[in-house]
Every structure is written in structure tokens, then in C-alpha cells.
Amino acid sequence: MAGSAVAPVARWMARVWSILSMLAVFVFAVGEIAGGTGPRPTLQECVGLALWPVGVCVGLVVAWYREELGGILALGCLMAFYVWNLLRSGHLPQGPFFFFIAAPGLLFLIAGFLSHRSDVRGT
């Protein structure tokens with residue numbers, strides 16, 4: 001399959017997955033707000049929340065309009081979140097959940113790269 005045919009497939013997979021990712025984050029956020037139990041996040045935890053899920057979701061929204069920029073933003077926030085968590089607690093977050101929410105950013109990067117590559121080749 002040529003790169004020009006893969007780009008739209010990657011783009012739409014990323015778009016559908018990004019909607020599902022942001023919907024999952026929204027459901028968790030509403031559940032936390034509605035439950036109202038537990039302490040409020042500390043300032044240090046707010047930094048983590050700004051990176052993941054807020055920064056990742058902002059990147060996924062931006063990627064709908066500017067694929068490469070949004071993909072870099074989403075994946076950059078994910079990597080910064082992992083570094084922040086490692087520095088804060090001494091270990092990386094457990095499980096694949098954090099990556100799966102941000103994974104559409106990688107697909108957006110692939111779609112953007114393939115689109116530009118086919119534009120350069122003139123196909």
C-alpha cells in the first residue's frame with residue numbers, strides 16, 4: 001500500500017481513537033468531580049495533571065487541525081509526564097493506560113509525515 005493511501009487511514013484511525021481517548025478522560029474526570037471524595041490535588045499533582053491528561057488532550061484536539069504539531073504536543077506532554085512522575089516518585093507510572101490515551105498522537109504524526117512526503121513526491 002502506498003504512503004498516500006496509508007495517510008488517510010492513519011488520520012481517521014487517529015481521529016476516532018482520539019475521540020475515544022478524550023471521552024474516557026472526560027468520564028473519569030466527571031466521576032471524580034461527581035464523587036467529590038478524597039483530598040484536592042496538591043500543587044505538585046496539578047503539574048502532573050497539566051501534562052496528563054490536560055496537555056495530552058489539548059494536543060489531540062490541535063492534531064485535528066495541525067497533525068504534526070498536535071502529535072508532538074500530545075506525545076511531548078506524555079513524555080514530560082513520565083519524566084515528572086519519575087522525578088517525583090522514583091518510578092514510572094504502571095500500566096499501559098497513559099500511553100493508550102496518548103497513542104493517537106503517534107498516528108497523527110505518521111499521517112502528517114506521510115501526507116507531506118506524498119506532497120513532496122507530487123503524488
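1. A helix here is a DSSP run of H or I of at least four residues, and helices are numbered from the N terminus. By that rule Ser21 belongs to helix 1. The model is a predicted one, and the points below should be read as remarks on a prediction.

2. Overall make-up. The protein has five helices and zero strands, so that its order from the N terminus reads α-α-α-α-α. The C-alpha trace spans about 55 × 30 × 20 Å along the principal axes. Of the 123 residues, 35% are buried. Among contacts with a separation of 6 or more, 73% are between residues 24 or more positions apart.

3. Surface and charge. About 7,700 Å² of the protein is exposed, and carbon and sulfur atoms supply 74% of that area. The charged side chains number 7 positive and 5 negative. The centres of these two sets lie 5 Å apart.

4. Nonpolar patch. A nonpolar patch on the surface has about 1,100 Å² of accessible area together. Its members are Trp12, Val16, Trp17, Leu20, Leu23, Phe26, Val27, Val30, Phe99, Phe100, Leu106 and Ile110. Two or more residues each come from helix 1 (3-35), helix 4 (97-102) and helix 5 (104-121). Helix 1 is the main contributor, giving eight residues.

5. Phe99. This patch member sits in helix 4. Why is Phe99 classed as partly exposed? Its relative accessibility is 36%, and the partly exposed class covers values between the buried limit of 20% and the exposed limit of 50%. Phe99 is also one of the residues touched by Leu78.

6. Ser21. In helix 1, Ser21 has a relative accessibility of 3% and therefore counts as buried, the cut-off being under 20%. Which residues does Ser21 touch, leaving aside those up to four places away in sequence? They are Leu60, Phe100, Ile101 and Pro104. Of these, Phe100 is also listed in the nonpolar patch.

7. Leu78. This residue is part of helix 3. Leu78 counts as buried because its relative accessibility is 5%. Not counting residues up to four places away in sequence, its contacts are Trp52, Val56, Phe98, Phe99 and Ala102. Leu78 and Arg11 are 67 residues apart along the chain, and their C-alpha atoms are separated by 20 Å.

8. Salt bridge. How many salt bridges does the structure hold? There is one, and it pairs Glu67 with Arg11. The closest N and O atoms of the pair are 2.3 Å apart. Glu67 is in helix 3 (residues 67-89) and Arg11 is in helix 1, so the pair, with the two positions 56 residues apart in numbering, links distant parts of the chain. Are these two residues buried or exposed? Both Glu67 and Arg11 are buried.

9. Cis peptide. The bond between Trp52 and Pro53 is cis, with omega about 15°. Pro53 falls within helix 2 (residues 43-63). Trp52, on the other side of this bond, is among the residues that Leu78 touches.

10. Places to look at in the viewer. One is the salt bridge between Glu67 and Arg11; another is the cis bond joining Trp52 and Pro53. A third is the surface patch, with helix 1 giving the most to it. The buried Ser21 and the buried Leu78 complete the list.

Technical notes
Residues numbered from 1 in each chain as written. Predicted model: local features only at pLDDT ≥ 70, side-chain atom pairs only at ≥ 80, totals over all residues. Heavy atoms only, no water. Buried < 20%, exposed > 50% of the residue type's maximum accessible area, 1.4 Å probe, protein only. Contact = heavy atoms within 4.5 Å. Areas by Shrake-Rupley, 256 points an atom, 1.4 Å probe, with all protein chains shown as cover. Lys, Arg positive; Asp, Glu negative; His and termini not counted. Charge placed at Lys NZ, Arg CZ, Asp CG, Glu CD. Patch = residues over 30% accessible without salt bridge, like charges linked within 9 Å, V, L, I, M, F, W, Y side chains within 5 Å. Salt bridge = Lys/Arg side-chain N within 4 Å of Asp/Glu carboxyl O.
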